[in-house]
Amino acid sequence: MQRLGLRVPVVLAPMAGGPGTPQLAAAISQAGGLGSLGAAYLSPTQIAEAGAVVRAHTERPFGVNLFAPQPLPPVTQAQREAALAELAPLHAELGLPPPALPERTQEDFSAQLGAVLALRPAAFSFAFGRLGGVELEALRGQGILAFGTATGVEEVLALAADGVDAVIVQGGAAGGHRGGWLREELADTLTLVRAAREVTALPIIAAGGLMTAVEVRAALDAGAELVQCGTAFLRAAEAGTPPPYRAALAKAHPGTTTLTRSFSGRLARGLVNRVTAEVQRPLPYPFQNALTRALRAEAAQTGRAEFLSLWAGEGAHRGQEGTAADLLRALWPG
Ligand SMILES: Cc1cc2nc3c(=O)[nH]c(=O)nc-3n(C[C@H](O)[C@H](O)[C@H](O)COP(=O)(O)O)c2cc1C
């Protein structure tokens, strides 16, 4: 909190793909927490623009998040055909042309990181893997704190060895993509905080299922310095969560989330819908993510929640509506 100048020990989870607007990030920072921009799907120009919007709303520190680069996985022609065939009827149902894999499936990480270095946010977080020494050094050179994401102790140790400034530990209840890379771990958030505390003196940021002031306090008591909350802010006035997604969240009940690869090829937690039930042969990330983009965009436009990626954590049914500042106050009454 001291190094970032925070008044509230809550980090807004970066939420790429719509919910995480610059306005939401600015509102959280302005209210004393650390707002974050989920920039994984943004081009370098869009990163600069989003950062400028945050700065137009607040002078307080904020963070930017990207997905660590990974080699593209091999995909066979048979896999590709199976994935396309499975999506074809859903496209037809929405009146879309048949699905096609775009030439470009993801942004260029080094160009994105270049935009982050130029923007100089107070913090930079990453998920899905490790960064190289050159990249961490470049961040340090700009005075940007680097946070890596771990879903298990082995990943905590790897990130600590790399020299990150803090570790985000993501429990299995968390909404959105699993941020780890070594194994598919779904630890209880508080158990993971305690285990991480045993192996590192680095600041720990606890993420996953933290929806109330009592739960935030429990994570800090377990040894975390900060918490990172996403699902608790999905229905904030400033969030970019489209109306059908908000409506699905309002109807959520315990047990309505699932872990799925259907949308992106990477395991992620979200509300159950037709895509999570019907799409069983996704391509690996980032190909499936690129392949389902048209479907998701059309579903958002036309209000069809059954075809949208409704990322949400296990606490989804306990989420509230309100301004970001109100929701932050509910997590940290101060
Ligand atoms: C809609 C949504 C989008 C997310 N996008 C990202 C992202 O772009 N980068 C990232 O590191 N984590 C992302 N996450 C995961 C969060 O960083 C965090 O682990 C999670 O929100 C914590 O659990 P909670 O949702 O129960 O609060 C996302 C989570 C949600 C709900």
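**Stop 1: the loop between α4 and β4**

Select Arg120, which sits in the loop between α4 and β4 of this predicted model. The residue is not a glycine, yet its phi is positive, about 55 degrees. Is Arg120 exposed, partly exposed or buried? Its relative accessibility is 48%, so Arg120 counts as partly exposed. In the chain, this residue follows α4, and that helix is the next selection.

**Stop 2: helix α4 and what covers it**

Select residues 109-119, helix α4. Which residues of α4 are buried? They are Phe109, Gln112, Leu113, Ala115, Val116, Leu117 and Leu119. To see what lies over these side chains, display α2 (44-57), β3 (62-67), β4 and α5, which are among the elements that cover the buried residues of α4. Two of these elements, α2 and α5, are helices whose packing on α4 can be examined in turn. Packed helix pairs are described by the angle between their axes and the distance between those axes.

**Stop 3: α2 against α4**

Keep α4 on display and add α2. The two axes come within 8 Å and cross at roughly 25 degrees. Angles under 35 degrees count as roughly parallel, and α2 and α4 are therefore roughly parallel to each other. The crossing is right-handed. For the contact itself, select Pro44, Ile47, Ala48, Gly51 and Arg55 on α2, together with Ala111, Gln112, Ala115, Val116 and Leu119 on α4. How do the residues of this contact divide by character? There are 7 nonpolar residues, 2 polar and 1 charged.

**Stop 4: α5 against α4**

Hide α2 and bring up α5, residues 133-141. Here the axes of α4 and α5 come within 10 Å, with a crossing angle of roughly 15 degrees. This pair is therefore also described as roughly parallel, and the crossing of α4 and α5 is right-handed. On the α4 side, select Phe109, Leu113 and Leu117; on the α5 side, select Glu135, Ala138 and Leu139. The contact of α4 with α5 comprises 5 nonpolar residues, no polar residue and 1 charged residue.

While α5 is displayed, select Gly133, which lies in this helix. With a relative accessible area of 54%, Gly133 is exposed. A distance label drawn from Gly133 to His91 spans 43 Å between C-alpha atoms, for a separation of 42 residues in sequence.

**Stop 5: the loop between β4 and α5**

Move to Phe128, in the loop between β4 and α5. Like Arg120, this residue is not a glycine and has a positive phi; the value for Phe128 is about 80 degrees. Is Phe128 buried or exposed? Its relative accessible area is 3%, so Phe128 is buried.

**Stop 6: helix α6**

Select residues 153-162, helix α6. Its buried residues are Glu155, Val156, Ala158 and Leu159. Where do they lie around the helix? They cover an arc of only 165 degrees around the axis, which puts them on the same side of α6. An α-helix has 3.6 residues a turn, so residues three or four places apart point the same way. To see the packing partners of the buried residues of α6, display β4 (123-127), β5 (145-150), β6 (166-170) and α7 (189-199). Past the end of the helix, select Gly163, which follows α6 and has a positive phi near 100 degrees.

**Stop 7: Glu185**

Proceed to Glu185, in the loop between β7 (176-177) and α7. Its relative accessible area is 23%, and Glu185 is therefore partly exposed. Which residues does Glu185 touch, leaving aside those up to four places away in sequence? The contacts are with Thr151, Gly152 and Arg178. A second distance label can be drawn from Glu185 to Gly265: their C-alpha atoms are separated by 17 Å, and the residues are 80 apart along the chain.

**Stop 8: a cis peptide bond**

Finish at Pro286, in the loop between α10 (274-278) and α11 (287-291). Select Tyr285 along with it and inspect the bond that joins Tyr285 and Pro286: this peptide bond is cis, with omega about 5 degrees.

Key:
Residues are numbered from 1 along each chain as its sequence is written. This is a predicted model: local features need pLDDT of at least 70, side-chain atom pairs count only at pLDDT 80 or more; totals for chains, interfaces and linings use all residues. Side-chain values use heavy atoms; hydrogens and water are left out. Axes are lines fitted to C-alpha atoms, for helices over the stretch in contact, and angles run from 0 to 180 degrees between N-to-C directions. Helices (H or I, at least four residues) and strands (E, at least two) are DSSP runs, numbered from the N terminus. Angles under 35 degrees count as roughly parallel, over 145 as roughly antiparallel, 65 to 115 as roughly perpendicular and the rest as oblique. A crossing is left-handed if the near helix is turned anticlockwise from the far one by less than a right angle, and right-handed if clockwise. Contact means heavy atoms within 4.5 Å. Ala, Val, Leu, Ile, Met, Phe, Trp, Tyr, Cys and Pro count as nonpolar, Asp, Glu, Lys and Arg as charged, and the others, Gly among them, as polar. Buried means under 20% relative accessible area, exposed over 50%, partly exposed in between (1.4 Å probe, protein chains only). The arc is that of the directions from the helix axis to the C-beta atoms.
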